[in-house]
Amino acid sequence: MAIDERAIVDAVAGLELRGNEEGLIPAFGLHLTTHFANYYNRSSFAVARALEGSGLEEDARTLLVEAGHVCAFNTFGGIMRSAEWDAVVAPMISSREDWIRGMVAVINAFGWGRWTIRELIPDERLCIEIENGYECAGWLKDYPVSHTPRCYLAAGGVAGLMNLLYVGDITLRPTLSDAYYSELFRDARSFGARATSCLACGDDRCVLVATRQP
Amino acid sequence: MRTPTFDADRGEIVLGGQRLVFHCHHYNVALQRSLEDALGPRAVEIQRLAAAETARLTLASVFAESDIRDFDARMQCAASVFADAGFGRATIVAMTSMGGRVEVAPSHYALGWTSKWGTTPNAVDHFAAGYFRGALCAASEIAPERVAVTVLAEAAAREGASTILSLEVR
Amino acid sequence: MSETEPDDRREQHATSLQIGSLSVSVTRSCVRRDLYDLTVGRALDAALRGELERWGAVRGPPNLWVIDVPQRHRITIAPAIGRVVILPRIERSRDEQSAHATEFLRWFEQAVYPSAERS
């Protein structure tokens, strides 16, 4: 069975994820929030802008993308180990690469814009196209066209997908420990992602490419 | 409308004209820590202002769309939106249009922080502080700079603690 | 400065709990609560969904059953493989979390393994 993205999006959206009587959203073995995109954007862009012109631009990017790595590792990893995944996505999986296809379908229920896999070369390269990504759509609402990509979380997420599958092996349902995080994201074989197009820079969408970092 | 709408074709969830996105506590507190690593104490005000502005804009729309005009009902609605979004349970205490107190327990940010890094004497609940500052602005329809928020206690300080916010209109 | 040990770094390994024929993995999950996880290794009878209503409204599509029990926990079931995950409420003590999960799992074990099958 192929990955049926619409069925996955409908199933996740149909979970009606909202706070319980404690004001918390326990799902996928995690505690979720339906957070304000603008909050993330204002906070993240404040860091990026504060360090621009100081020679520390790349450090700001590294910090923000690193938060995206943490997100991918724990959120994507947690989802891929969850009962919800076993119920909805796992029955559609017929290849290792379907783990990424399935996770991208779940992401498309998260309000992050529309993610589409343009290219997936196993263990080598992942190219994701994002329409209406919340980071860059938010940038364009509040700031002039950017000279540099602003899809920080997305870059961390795209790299994280590859690291979960090809540096580690999420299909074996490993414990998502600090040590395992280091193994996946601090290894010579770790993937990193860069934007080749970016909505914030005036392109019509973001395109992120994950490859092994030299 | 207090229920977010989801547009699958655009990958967009919207409440009160503002985009919402799912994220879990791992990312929320990791991003917060990154901001503080980069900017130090300045990061606190940046996060509070971002939360206040977003809450004010969202809630003003929600109040208008749902025709909620009464001040108390507006503050209760703000607490419901906060809880529905998974930020924790907020109790509005002795609140008037001139200010009052909000208690948050459990708090998503505090739970996230303590689960990853343990309890801390430092302030963590910047989002809640900013959110309820924005909520009071929207409920009273006053300029944002007139509302001051003071954090009297933090849920991340010890197991079972609450975040207590004091709001004052100047 | 951290005053207590964070939950995420301790007891990430699972302990196990035996409830009749069920082997339940118990892990210190993220955010101050344990997580109960078991797989019976076979598909659950679709009729079980109706029986689960005694614990609360069962939501979700036919391939994903979710029961939210206020003040107790959220139960997520993947019926095709018989996996059950229980996420207790944060405000319950660990003893209460365990008692509530055990109460449900005792019932679930009886429902999945009727006495005739057990013998």
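Which residues in H2(A) meet which residues in H6(A)? This tour begins with that question, and the model on the screen is a predicted one.

**First stop: two helices in chain A**

Select helix H2, residues 37-51 of chain A, together with helix H6, residues 134-142 of chain A, whose axes come within 9 Å and cross at roughly 75°. That angle makes H2(A) roughly perpendicular to H6(A). To answer the opening question, show the side chains of Ala37(A), Asn38(A), Asn41(A) and Phe45(A) in H2(A), and then those of Tyr134(A), Glu135(A), Gly138(A) and Trp139(A) in H6(A), which are the residues they meet. Sorted by class, the contact of H2(A) with H6(A) has four nonpolar, three polar and one charged residues.

Keep H2(A) selected and look along its length: with 15 residues, H2(A) reaches 22 Å from its first C-alpha to its last, which is close to the 21 Å expected at 1.5 Å a residue. Which residues of H2(A) are buried? They are Ala37(A), Asn38(A), Tyr39(A), Tyr40(A), Asn41(A), Ser43(A), Ser44(A), Phe45(A), Ala46(A) and Val47(A). Following the chain onward from H2(A), select Gly53(A), which has a positive phi, near 85°.

**Second stop: where chain B touches chain A**

Now display chains A and B together, where 43 residues of chain B are in contact with 43 residues of chain A. On the side of chain B that touches chain A, the elements that give two or more residues are strand E2 (12-15), strand E3 (18-24), helix H1 (25-39), helix H2 (42-65), helix H3 (71-84), strand E4 (88-96) and helix H4 (108-117) of chain B. Colour H1(B) separately, since H1(B) gives the most to this side, with 11 residues. If you colour by class instead, the residues of the side of chain B that touches chain A divide into 24 nonpolar, 13 polar and six charged.

Within the same view, select strand E2 of chain A, residues 30-36, along with E3(B): five bridges join these two strands, which run antiparallel. One pair to pick out here is Thr34(A) with its bridge partner in E3(B), Phe22(B).

**Third stop: a sheet in chain B**

Hide chain A and select E4, E5, E6 and E7 of chain B, which form an open sheet of four strands in the order E4-E5-E7-E6, with antiparallel pairing. E4 and strand E6 (147-153) of chain B stand at the edges and have a single partner strand each, so one side of each is left without a neighbour in the sheet. From one strand to the next, the twist averages 20°.

The helix to add next is H4(B), which packs on the sheet and touches E4, strand E5 (99-107) and E7 of chain B, its direction making about 45° with that of E5(B). Then add helix H5, residues 126-140 of chain B, which lies across E5, E6 and E7 of chain B and runs at about 35° to E7(B).

For a closer look at the pairing, select E6(B) and strand E7, residues 163-169 of chain B, which pair in the antiparallel sense over six bridges. Here Ala148(B) stands opposite Glu168(B) in E7(B), while Val149(B) stands opposite Leu167(B) in E7(B). E5(B) and E7(B) likewise pair in the antiparallel sense over six bridges, and there Val104(B) stands opposite Thr163(B) in E7(B).

Return to helix H4 of chain B and select Leu111(B), which is found in that helix. Why does Leu111(B) count as buried? Leu111(B) counts as buried because it has 26 C-beta neighbours inside 10 Å, and the cut-off for a buried residue is 20 or more. Draw a distance from Leu111(B) to Thr5(B), which is 106 residues apart from it along the chain: their C-alpha atoms are separated by 27 Å.

**Last stop: chain C**

Finally, select chain C, whose secondary structure comes to three helices and seven strands and follows the pattern β-β-β-α-β-β-β-β-α-α along the sequence. Of the 119 residues in chain C, 37% are buried.

Bring chain A back into view to see where 26 residues of chain C are in contact with 20 residues of chain A. Strand E5 (65-69), strand E6 (73-78) and strand E7 (83-88) of chain C are the elements that give two or more residues to the side of chain C that touches chain A, and E6(C) gives the most, with four residues. By class, the residues of this side divide into 14 nonpolar, six polar and six charged.

How values were computed. Residues are numbered from 1 along each chain as its sequence is written. Chains are lettered from A and ligands numbered from 1 in the order in which they are written. This is a predicted model: local features need pLDDT of at least 70, side-chain atom pairs count only at pLDDT 80 or more; totals for chains, interfaces and linings use all residues. Two residues are in contact if their C-beta atoms, placed from the backbone, lie within 7 Å. Ala, Val, Leu, Ile, Met, Phe, Trp, Tyr, Cys and Pro count as nonpolar, Asp, Glu, Lys and Arg as charged, and the others, Gly among them, as polar. Axes are lines fitted to C-alpha atoms, for helices over the stretch in contact, and angles run from 0 to 180 degrees between N-to-C directions. Angles under 35 degrees count as roughly parallel, over 145 as roughly antiparallel, 65 to 115 as roughly perpendicular and the rest as oblique. The expected span of a helix is 1.5 Å times one less than its number of residues. A residue is buried if 20 or more other C-beta atoms lie within 10 Å of its own, exposed if 12 or fewer, and partly exposed in between; C-beta atoms are placed from the backbone. Two strands pair if DSSP finds at least two bridges between them.
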